[in-house]
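Subject: Structure for you to look at

Hi,

Here is the structure I promised to pass on. Please open it alongside this email, and my notes follow below.

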Amino acid sequence: IQEGNFGFLSKTQRKADFLEYFRKVADKRSTSKSAKQTWDNAYLHFVDFCGGSCTFEQLSKELVENFKEYLLRCHSRRSKLRTLKQNTA
């Protein structure tokens, strides 16, 4: 669906800002302080990963796999001396 292979997303929807959507979902799911921190960190890591720009059209299985690998190698937002633990990633 996300790759538009089945015609579910219009051209306009495919060009829409995924980061804006991610931010809105993160805000809705942040029901506690710890949940907000988790979603905020996930959002900020994705922003760093994609260079601050990502449309729905760019979403793919490969992008998700690359983001997973990025999380396994990147540094914690709290400390640049530590990488994320595997379960956190």
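Let me begin with the packing of one helix: the buried residues of α4 pack against α3. Please keep in mind that this is a predicted model.

The residues of α4 that are buried are Leu63, Phe67, Tyr70 and Leu71. They sit on the same side of α4, because they cover an arc of only 95° around the axis. If you turn to the face pointing away from that buried side, you will find the exposed residues Lys61, Glu62 and Arg73. As for its length, α4 is built from 13 residues and spans 19 Å between its first and last C-alpha, close to the 18 Å expected at 1.5 Å a residue.

Staying on α4, there is a salt bridge between the side chains of Lys68 and Glu65, with 3.7 Å from N to O. These two residues are 3 apart in helix α4, so about one helical turn separates them. Both partners are partly exposed: Lys68 has a relative accessibility of 44%, and Glu65 has 37%.

Elsewhere, Arg23, Asp27, Lys36 and Asp40 are joined into one network by salt bridges that share partners.

Helix α2, which covers residues 18–29, has a pair of its own. Here the side chains of Glu20 and Lys24 form a salt bridge at 3.3 Å, N to O. They lie 4 residues apart in the helix, so they too are separated by about one helical turn. Glu20 counts as partly exposed, its relative accessible area being 44%.

Which part of the chain does Lys15 reach with its salt bridge? Its partner is Glu57, and the closest N and O atoms of the two are 3.0 Å apart. Lys15 belongs to helix α1 (residues 11–15), while Glu57 is in the loop between α3 (33–50) and α4 (61–73), so this pair ties together parts that are 42 residues apart in sequence. Lys15 is exposed, because its relative accessibility of 55% is above the 50% cut-off. Glu57, at 39%, is partly exposed.

In total, the count comes to 6 salt bridges. As general background, side chains of opposite charge can pair when their charged atoms come close.

If you have time for a quick look, I would start with the buried side of α4 and its packing against α3, then go to the Lys15 and Glu57 pair.

Best wishes

Technical notes
Residues numbered from 1 in each chain as written. Predicted model: local features only at pLDDT ≥ 70, side-chain atom pairs only at ≥ 80, totals over all residues. Heavy atoms only, no water. Salt bridge = Lys/Arg side-chain N within 4 Å of Asp/Glu carboxyl O. Buried < 20%, exposed > 50% of the residue type's maximum accessible area, 1.4 Å probe, protein only. Expected span 1.5 Å × (residues − 1). Arc of directions from axis to C-beta. Contact = heavy atoms within 4.5 Å.
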